[in-house]
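This briefing takes up how the parts of one chain are arranged, first in a strand pairing and its sheet, then across a domain boundary. Please keep the structure in view while reading.

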Amino acid sequence: MAISYQTPNTTSDDYVATAQIGTAPAKYERVVHGFSMQPYQCGVLSGYQHHVNITGLQGGTKYFYRVGSDVYGWSPQYHFTTGPSGPQNTSFIFYGDMGVEYSDASIKLIEDMVSKDEVDFLVHNGDISYADNLYYDRNGTGYLDWMDTFYDNIRGFATTMPIMFAPGNHEWPCDMAEYKRRQAMMPSHDAGSWNSSNWYAHTFGQIRMISLSGENGELQDNTTPQFKWLKQQLRIALVDKEAGRISWIFTHSHYMRQPTGYCTYDYGQPSSTDPTEICCVENCNQTSFQKEVEDLFVQYHVDVHFTSHEHVYERTYPVYRYKKVWGLMS
Ligand SMILES: [Fe+2]
């Protein structure tokens with residue numbers, strides 16, 4: 001479990017990222033140190049970003065923790081429950097496109113479900129906070145201030161529940177620096193680097209989740225490193241599924257057609273002719289790459305592919321080449 005938190009940019013340079021953790025309230029059995037990222041300028045000067053990676057935890061166990069230090073003060077006590085040790089029924093909330101505005105009802109719903117132990121983890125599939133829009137709409141207001149406001153708003157569940165993030169088009173200011181800083185502890189597709197979190201795979205209970213990124217052309221064709229990695233991950237996932245180590249293979253990407261997918265509602269560019277932007281309803285122009293990815297999803301028994309970006313809820317029957325199919329269900 002990784003715990004990430006910020007302190008103000010006035011924090012002393014000798015501050016050491018620290019978490020105390022234990023299995024009983026206020027009885028912290030372990031002290032774990034992490035690493036800190038220096039403030040940087042993106043509209044305004046950011047705070048320090050701290051990350052503490054806690055290993056050796058027991059599955060299915062409730063832990064209490066706090067972050068901080070004796071010198072600079074401690075956070076309130078929070079708690080989380082680790083995921084199951086093996087394949088068990090697993091529930092998660094999947095959403096994308098959540099911002100500072102228009103999110104009160106969604107945040108309240110997630111808080112309620114988390115407080116009732118109805119879910120095991122969360123996925124935020126890109127477009128995190130829309131602080132970039134607020135920056136430009138209210139000229140002179142700091143981008144990072146709005147980003148902080150968003151993370152404060154989700155504190156009620158983000159301190160309690162693992163959240164997996166994927167990048168979207170609203171993470172672009174300052175060369176996606178803020179995503180790279182705050183999501184630095186997402187699993188890496190490159191074991192030698194912590195700062196390669198745009199795409200990754202992880203297992204939670206009986207679910208293998210493969211998180212993809214359509215940013216910066218990272219998945220624009222079959223020559224990209226991410227596509228080669230995706231094929232390898234799908235092969236591994238199917239082996240694990242057939243061996244009974246997992247029951248489900250899920251994939252997700254922020255965009256409805258990058259690399260592939262279906263939707264009926266065009267939020268952004270209904271007049272676009274870009275096959276990666278417009279929705280795919282029937283007789284659509286799938287690119288050869290979109291067909292190749294769709295074939296891979298079928299070949300390796302992907303159960304559900306999730307997308308976001310369109311700000312609506314839709315789901316389909318199993319679909320192949322824009323037609324409903326049944327025989328390919330696994
Ligand atoms: Fe988006």
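Which residue is the bridge partner of Asn-125 in strand 15? In this predicted model, the partner of Asn-125 in strand 15 is Ala-166. The points below place this pair in its sheet and then turn to the two domains.

**The sheet around strand 13**

- Strand 13, which covers residues 121-125, runs parallel to strand 15, and four bridges join these two strands.
- The sheet to which they belong is open and is formed by three strands with parallel pairing, in the order 11-13-15.
- Because strand 11 (92-95) and strand 15 (163-166) each have a single partner strand, they stand at the edges of the sheet, and one side of each is left without a neighbour there.
- On average, and with direction ignored, neighbouring strands of this sheet are turned by 10° against each other.

**The two domains and their contact**

- According to the domain assignment of the protein, residues 1-82 make up domain 1 and residues 83-324 make up domain 2.
- Taken over C-alpha atoms, the centres of domain 1 and domain 2 are separated by 26 Å.
- To the contact between them, domain 1 gives 18 residues, while domain 2 gives 20 residues.
- On the side of domain 1 that touches domain 2, at least two residues each are supplied by strand 1 (2-7), strand 7 (48-53) and strand 10 (78-81).
- Sorted by class, that side of domain 1 holds eight nonpolar and ten polar residues, and no charged residues.

Methods: Residues are numbered from 1 along each chain as its sequence is written. This is a predicted model: local features need pLDDT of at least 70, side-chain atom pairs count only at pLDDT 80 or more; totals for chains, interfaces and linings use all residues. Domain bounds come from an automatic or database domain assignment. Two residues are in contact if their C-beta atoms, placed from the backbone, lie within 7 Å. Ala, Val, Leu, Ile, Met, Phe, Trp, Tyr, Cys and Pro count as nonpolar, Asp, Glu, Lys and Arg as charged, and the others, Gly among them, as polar. Two strands pair if DSSP finds at least two bridges between them. Axes are lines fitted to C-alpha atoms, for helices over the stretch in contact, and angles run from 0 to 180 degrees between N-to-C directions.
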